[in-house]
Amino acid sequence: MSNNGQSVKNIQLPATITIRDLAKAIDVSPIDVIKKLMANGVMVNINQQIDFDTAAIVASELGYEATLEVEETEKKENLGEIPLWRRVILSEDVNQLVNRPPVVTILGHVDHGKTTLLDAIRHTNVAGAEVGGITQHIGAYQIEHNGQLITFLDTPGHAAFTAMRARGAQGADIVVLVVAADDGVMPQTKEAAAHAKAAHVPIIVALNKIDKPNADVDRVKQQLAEIGLVPDEWDGDTIVVPISAKQKKGLEDLLEAILLVADNLDIKANPRGKIIGTVIEAKVDRAKGVLATLLVQNGTLEVGDVVIAGISYGRLKAMFDHTGKKVRKAGPSTPVSVMGLNDVPQAGEMFEVVNSEKDARAIMIERTQTQKSVDNIAKKPVTLEQLFDSFQAGDVRELRLIIKADVQGSLEPIVNSLKELSKGEIAVNILHAETGNISESDVMLASASNAVIVGFNVQADTAARNMAEAEGVSIRYYDIIYRLTEDVEKALKGMLEPEEKEVTLGHAEVRAVFHISKVGNIAGCYVTNGEIRRNARIRVFRKGEVVGEGAVSSLKHLTEDVREVKQGFECGIGVKGFDAFEKGDTLECFIIEKAAISKDVF
Ligand code: GDP
């Protein structure tokens, strides 16, 4: 196969993969993968899972053609891979299990009408909302149909770049696969079907856009049969419901079909059992702090409970349902937006309730440490020192900053005065300036773009601090504006006037002097300690006095040109601009390292 004349390598990838594993699979640095995703507007960290589509896009940009390892995923499916929340329900006392609303996720190819369908269902049926009332977008909502509740996961964002999509199939009881009747089965339709099958989640096909004149229902059914979704009217076991999300037609039939499929499944949980569920989405709200949408999957979550999700935890101060109404309790299959976590958990993470904040902290510390040891493997420091190196190498002619400040009123003067500093040889490039605490996404941005984070009257949240440490990203805190600008200025100067530091590499003793015509004298030496390097300098000592200095012009071991010669070996050394060697001279080999003086101040 070829792509722009270059050969494309084939690779098989699983339905979900971490950034680290993907990087390994396609043989690039995890940071390169993070950068590619960032360029597409997706912020991820190295341990985050992304779905196959996302991985395939990144892989293709790096010269690989990825195919989904469906069979592998199916083969590997065993009890160990059943989601934790399902295992918790399986371990509950059967007598305590009661029916719960089915959790439905909508998957499908881009533009086939997922969002339109979710909106149509939301607006016609949202449970508990006033007629015409506004519902809150919290990543999930519940509707009522014929007296029965159904929970829909309503994952925002570009489908190909939401890691939640694959997890959606894991967290859901039923997948509604939207297929546009005019477009038919497309690559993402196949992949969505593969994800659902791998997670053993039943699929209902919503054959959308039947209002379109070029809709060809039979052709699409044929295509569905070809990918193993044989319509029930053809004696298969896939319900196919023709709908028009735009004209709100067939929605009742679709909801009917969902309840029918749900009836045949064992959709149960123990409302009095262990409290566990999935983080649907999370963000920081200026007024409310961390707001996380949690889908309760077993047990009943209550205000006052101590929740831990990944490494964020806290006592729940308040809970809101999908209509924005305050609630005190949330039972199985209920999505709630909660206040009280100390940090933003990741979508797709499991949450659970623990006895006390002390327990939560202990778990958090343990998780942070495991995470840290994993992260350390891929540690890539982005320090000012490193920035300086890239500057020296000519890669960077600018100091890249990410500015976080407490209020708009301080952000503006900071940004303005920093821009003022940009007049010299090196520019200050403010990649991102925003109010709010320093978050993981700031650190990711800094790490992927070699920037330094500057915080003014703000703090870094725990996850951000941990990540900065793991990635070696510098974070500087200030509470006085002129101190901040002063330091940046010093940093810039430091970059312009680097301090030079001499590093001695080794010594050699001159044992013979050879004259080579047209070249001059070469010192035949024995390396007494350290090493002599080709791209280094030599200082010649005679009876304790320096008699000459210059860069190494040639370095040979026997007759071969070499890059270095270690202690205990003989070599021939030529020095640029000096050849008056004498037997008994001592040669000192050293390099000049440039250090940014700014390092200490900024
Ligand atoms: P998504 O990418 O799957 O979420 O697709 P959207 O819901 O954004 O829909 C993509 C486009 O198809 C939009 O322009 C919708 O208005 C249009 N669309 C969605 N459903 C229907 C439908 O039933 N009939 C017609 N004619 N257009 C539809």
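An axis, as the word is used for helices here, is a line fitted to C-alpha atoms over the stretch in contact, and the angle between two axes runs from 0 to 180 degrees between N-to-C directions. The model on display is predicted.

**First stop: H14 and H15**

Select helix H14, residues 440–449, together with helix H15, residues 462–471. The axes of these two helices come within 8 Å and cross at roughly 20°. Angles under 35 degrees count as roughly parallel, so H14 is roughly parallel to H15. The crossing of H14 past H15 is right-handed.

Next, display the side chains where the two helices meet. On H14, select Glu 440, Val 443, Met 444 and Ser 447; they meet Ala 463, Ala 464, Met 467, Ala 468 and Glu 471 of H15. Colouring this contact by residue class gives 6 nonpolar, 1 polar and 2 charged residues.

**Second stop: H14 and H2**

Keep H14 selected and add helix H2, residues 30–39. Here the axes come within 9 Å, and they cross at roughly 115°. H2 and H14 are therefore roughly perpendicular to each other. The crossing of H2 and H14 is left-handed.

To see the contact, select Ile 31, Ile 34, Lys 35 and Met 38 on H2, then Met 444, Leu 445, Ser 447 and Ala 448 on H14. The residues of this contact comprise 6 nonpolar, 1 polar and 1 charged. Met 444 and Ser 447 of H14 should already be on display, for they also take part in the contact with H15.

**Third stop: H2 and H3**

Hide H14, keep H2, and select helix H3, residues 52–61. How far apart are the axes of H2 and H3, and at what angle do the helices pack? The axes are 10 Å apart, and the packing angle is about 105°. H2 and H3 are therefore roughly perpendicular to each other.

From H2, the contact draws on Val 33, Lys 36 and Leu 37; from H3, it draws on Thr 54, Val 58 and Glu 61. By class, these residues are 3 nonpolar, 1 polar and 2 charged.

**Last stop: the ligand**

Centre the view on the ligand, which 15 residues surround. Select the closest of them: Asp 111, Lys 114, Thr 115, Thr 116 and Asp 211.

Now turn to individual atoms. A polar side-chain atom of Thr 115 is 2.4 Å from an oxygen atom of the ligand. At Lys 114, a polar backbone atom lies 2.8 Å from a ligand oxygen atom. Finally, select His 112, where a polar backbone atom is 3.4 Å from an oxygen atom of the ligand.

Conventions:
Residues numbered from 1 in each chain as written. Predicted model: local features only at pLDDT ≥ 70, side-chain atom pairs only at ≥ 80, totals over all residues. Heavy atoms only, no water. Helix = DSSP H or I, 4+ residues; strand = E, 2+ residues; numbered from the N terminus. Parallel < 35°, antiparallel > 145°, perpendicular 65-115°, else oblique. Left-handed = near helix turned anticlockwise from the far one by under 90°. Contact = heavy atoms within 4.5 Å. Nonpolar A, V, L, I, M, F, W, Y, C, P; charged D, E, K, R; others polar. Near = heavy atom within 4 Å. Polar contact = N/O pair within 3.5 Å; in protein donor to acceptor, adjacent residues only side chain to side chain.
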